[in-house]
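Thank you all for coming; I would like to spend a few minutes on a ligand and on the empty space around it. Please have a look at the model first, and then we will go through the contacts and the pockets in turn.

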Amino acid sequence: MTVMTTSPAREKNKISAKPGPYTIETVLEVKHFTDRLFYFRITRPSSFRFRSGEFVMIGLPKEDGKPLLRAYSVASPFWDEALDFYSIKVPDGPLTSRLQHIQPGDEVLLGKKPTGTLVLDALKPGKRLYLVSTGTGIAPFASLVRDPETYEKFDQVILTHTCREAAELTYGHELVEATKQDELIGEMAQDKLVHFTSVTREDGPVKGRVTDMINSGELFAHLGVPALDPEVDRVMICGSEGLLKDTRQICIDRGFVEGSNAAPADFVVEKAFVATD
Ligand code: A2P
């Protein structure tokens, strides 16, 4: 592809890339939430299929023209015509230092092969689904809470999101509000989706790490549900390394078995890929 169009404000960044395991897509929308977090929406090729909760490679060419790609969870539902992503901005991160400046009309690289463990197929049937996230780890769950199958499989879906500051919870609040108003899944979400948020580095309505609140029982008291039980509860975890390690241990200590695509079980774990880049 070559530079073809210009706008009065700014020339769009078009990509000239060699064929590879990616396609070239156009940025449709960008929204900045804080100086650390932003969202972007890109075109979706008709051949691009994925399961809710999966991740895919996203990138830009480097100065030498070689592609620089990183894993990103798809944050939009499978039925959406475009693809959403939610990203951290790392000032000197090789990709996000540049990706944070994209604007509508610019182009990005999209990997052709989505994959991942945070999928409904990796869990055994259960009654209550916990989606435990910190920071940008909410992204795969933004897809799952808009998948009708999530509500067909579970009586209750509890999305927990913990961030340092309240401003970092905005994306999740807007997501849940939009989901409950959605034509396709709004009614199911209103019945079954519960959103629990907490902050750790400023005073919020609820302050503390979700792991501490699971251990103390505060989370369950707050939600009005029984404590974690592998007989009926299923758990997906996505966020920082610390969250993954600690929540995995909590699950194992309570008798939960880790699942995978090949062997569905009680809980699944995946890191929020862009946390360090
Ligand atoms: P804390 O502020 O106590 O470190 P980050 O922005 O660094 O990715 O962190 C996002 C959120 O994840 C923060 O609220 C942070 O809390 C929380 N967090 C970090 N480590 C853990 C952990 N081991 N268990 C639970 N929450 C964690």
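Let me begin with Arg164, where an N or O atom of the side chain lies 2.9 Å from an oxygen atom of the ligand, a polar contact being a pair of N or O atoms within 3.5 Å. For Thr200, the distance from a side-chain N or O atom to a ligand oxygen is 2.6 Å, and in Thr211 a polar side-chain atom is 3.4 Å from a nitrogen atom of the ligand. The ligand taken alone exposes 560 Å², of which the protein buries 83%, with areas computed by the Shrake-Rupley method and a 1.4 Å probe.

Before going further, I should say that this is a predicted model, in which local features need pLDDT of at least 70 and side-chain atom pairs count only at pLDDT 80 or more, while totals for chains, interfaces and linings use all residues. Residues are numbered from 1 along each chain as its sequence is written, and side-chain values use heavy atoms, with hydrogens and water left out.

Around the ligand there are 13 residues, counted as near if a heavy atom lies within 4 Å, and those that come nearest are Arg164, Thr200, Arg201, Arg209 and Asp246. By class, this shell has two nonpolar, six polar and five charged residues, where Gly counts as polar, and Tyr and Cys as nonpolar. Strand 8 (156-163) and helix 8 (241-253), both taken from DSSP runs, each supply at least two residues of the shell, and helix 8 gives the most, with three.

Where does the ligand sit? The ligand sits in the largest pocket, in the sense that more than half of its atoms lie within 2 Å of the grid points. A pocket here is an open set of points on a 1 Å grid over the protein atoms alone, with protein on both sides within 12 Å along at least five of seven lines, and lining residues have an atom within 4 Å of a point. The largest pocket holds about 550 Å³ of space, the volume being that filled by probe spheres set on the points. Of its 23 lining residues, Thr134, Gly135, Thr162, Arg164 and Ser240 are closest to the centre, and the lining divides into seven nonpolar, ten polar and six charged residues.

Finally, the second largest cavity, a cavity being a set of points where a 1.4 Å probe fits but cannot get out, has a volume of about 40 Å³. Its lining has eight nonpolar, one polar and no charged residues, among them Tyr130, Phe220 and Thr247.

Notes: Polar contact = N/O pair within 3.5 Å; in protein donor to acceptor, adjacent residues only side chain to side chain. Helix = DSSP H or I, 4+ residues; strand = E, 2+ residues; numbered from the N terminus.
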